[in-house]
Amino acid sequence: MLEFFRRHRGAFLMTLTVIIILSFSVWGGWNRSGRTGGRSPDDVAFTIYGKDYTHAELTKLNSVQQLCYLLGMYDMLDLGSVAEGLKSRDPGAPSYDFVGNLLVLRAKALDYGIAVSDEQATEKLKTLPRFQKEGKYDGETAANVEKNLGMYGFNGGDLLQVAKDSLTYEKLQAVVGANYSPSTLAVAKSYASKQQTVKASTIQFILDDFKKKAEVKEDEIAKYYNEKKDDYKTQEKRSAVYVVFTKPVADPKAAEEKDEKKKTDAAKKLADDTAAFETHASNFDVEFKKPGADFNKLVADFKKQKPEMNIKLETLPLFERGTPPESIKEETRLVDEIFRGALKVGAPSEPVEGSKGYYFCKVTKIEEPKQQELKDVKDKIKEILVAQKAQEAMTKAANEARTAINDALKAGKKLDEGLNEK
């Protein structure tokens with residue numbers, strides 16, 4: 001099947017484009033009752049692959065494009081170019097090309113058995129520059145970015161999904177492009193397009209200039225806050241107590257040992273220590289999950305049984321998921337377990353394998369998200385509204401300039417004459 005898909009790549013992409021154009025040509029302004037105008041969020045906006053999507057779902061899907069831009073995932077923005085220029089019949093409605101191509105991407109991924117796990121998506125997010133500090137992934141930076149994106153209506157689930165979409169796009173491109181050899185004519189055209197010299201005039205529209213002119217009123221800030229109130233909450237905090245069973249490690253001197261018997265003895269000791277460690281941790285897990293088990297007493301008893309094993313009991317103060325204490329900052333699996341929704345206060349956790357060994361924990365307190373007052377987020381909301389108004393004004397100015405230039409050129413005038421008349 002994949003070989004067939006690669007061989008007929010060109011025909012497939014052409015057919016895909018036609019399908020998208022035909023699908024979207026009947027979208028704009030229609031709902032279940034067949035009327036136009038006066039739409040509600042629950043009205044059907046379009047149907048694709050036999051499934052109805054409401055205007056609310058359309059708006060949510062369209063926001064993925066904005067999220068890709070904010071995260072710097074510019075390769076995903078290419079999904080908006082296949083049906084570029086396709087317009088809705090409903091003025092002011094979102095562009096449909098990106099939404100349609102995104103749904104086609106997800107459908108084709110299922111057809112060709114392309115799947116992306118949560119773990120792969122998480123690793124993808126960690127590679128994004130927006131989540132890094134000094135060239136490395138930084139949990140605090142990531143948490144701040146996620147918190148800021150929350151002001152736009154996005155949450156952790158949205159970030160995970162867009163990472164899955166990006167990886168799916170990469171995998172589908174790999175499937176399509178594998179073993180593909182372009183024709184001599186295609187190579188020649190590509191070379192000519194890249195090497196040719198082009199003279200052009202440009203007009204710059206700088207967003208910061210429009211931001212300086214944007215005015216936001218108090219009632220606009222209050223309205224935005226009331227509409228997005230649920231997005232302005234503090235992060236959930238949890239405190240916990242945990243114990244770590246530290247894995248035995250090889251003696252670094254054993255690798256340099258020249259005496260084969262000593263080297264063999266060292267290897268056997270490490271194997272025996274590791275087996276004992278696994279058994280000890282497994283026994284602890286059984287006792288830990290017994291109803292009414294006393295965590296502190298259990299740890300003390302196990303330390304007496306195996307004093308040679310390094311067992312530590314640690315207490316963690318209240319912290320947010322994105323800003324864990326220094327002692328577990330690198331143990332992302334442990335942090336995920338502490339903030340697992342089903343893990344309630346006092347309940348035993350599942351064993352977590354980390355970089356040091358096995359972790360067992362209990363949540364001691366959960367501080368639910370609290371509603372933030374308008375005064376606490378007023379400045380952030382104002383920044384968002386200023387950016388939105390500036391973007392709208394810049395887009396309007398660019399469209400007016402383009403219209404003026406086109407009219408001037410059609411009339412045989414020079415470019416600057418058209419702009420001056422406007």
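**Exercise 1. Give the strand order of the open four-stranded sheet in this predicted model, and find which strands stand at its edges.**

Step 1. The strands are arranged as E6-E5-E8-E7, and their pairing is antiparallel.

Step 2. Strand E6 (311-320) and strand E7 (352-353) each have a single partner strand, so each has one side without a neighbour in the sheet. These two are the edge strands.

**Exercise 2. Describe how strand E5 is joined to strand E8, and name the bridge partner of valine 244 in E8.**

Step 1. E5 covers residues 237-246 and E8 covers residues 357-367. The two strands run antiparallel and are joined by ten bridges.

Step 2. Valine 244 has tyrosine 359 as its bridge partner in E8.

**Exercise 3. State which strands helices H11 and H12 meet, and at what angles they run.**

Step 1. H11 (residues 260-288) lies across E5, E6 and E8, and its angle to E8 is about 30°.

Step 2. H12 (residues 295-305) packs on the sheet and touches E5, E6 and E8. The direction of H12 makes about 150° with that of E6.

**Exercise 4. Classify the crossing of helices H10 and H14, then describe their contact.**

Step 1. The axes of H10 (residues 218-227) and H14 (residues 374-410) come within 9 Å, crossing at roughly 105°.

Step 2. Angles of 65 to 115 degrees count as roughly perpendicular, so H10 is roughly perpendicular to H14.

Step 3. On the H10 side, the contact residues include Ile221, Tyr224 and Tyr225. Among those on the H14 side are Val377, Ile381 and Gln388.

Step 4. Sorted by class, the contact has nine nonpolar, one polar and five charged residues.

Note on methods. Residues are numbered from 1 along each chain as its sequence is written. This is a predicted model: local features need pLDDT of at least 70, side-chain atom pairs count only at pLDDT 80 or more; totals for chains, interfaces and linings use all residues. Side-chain values use heavy atoms; hydrogens and water are left out. Axes are lines fitted to C-alpha atoms, for helices over the stretch in contact, and angles run from 0 to 180 degrees between N-to-C directions. Angles under 35 degrees count as roughly parallel, over 145 as roughly antiparallel, 65 to 115 as roughly perpendicular and the rest as oblique. Contact means heavy atoms within 4.5 Å. Ala, Val, Leu, Ile, Met, Phe, Trp, Tyr, Cys and Pro count as nonpolar, Asp, Glu, Lys and Arg as charged, and the others, Gly among them, as polar. Two strands pair if DSSP finds at least two bridges between them.
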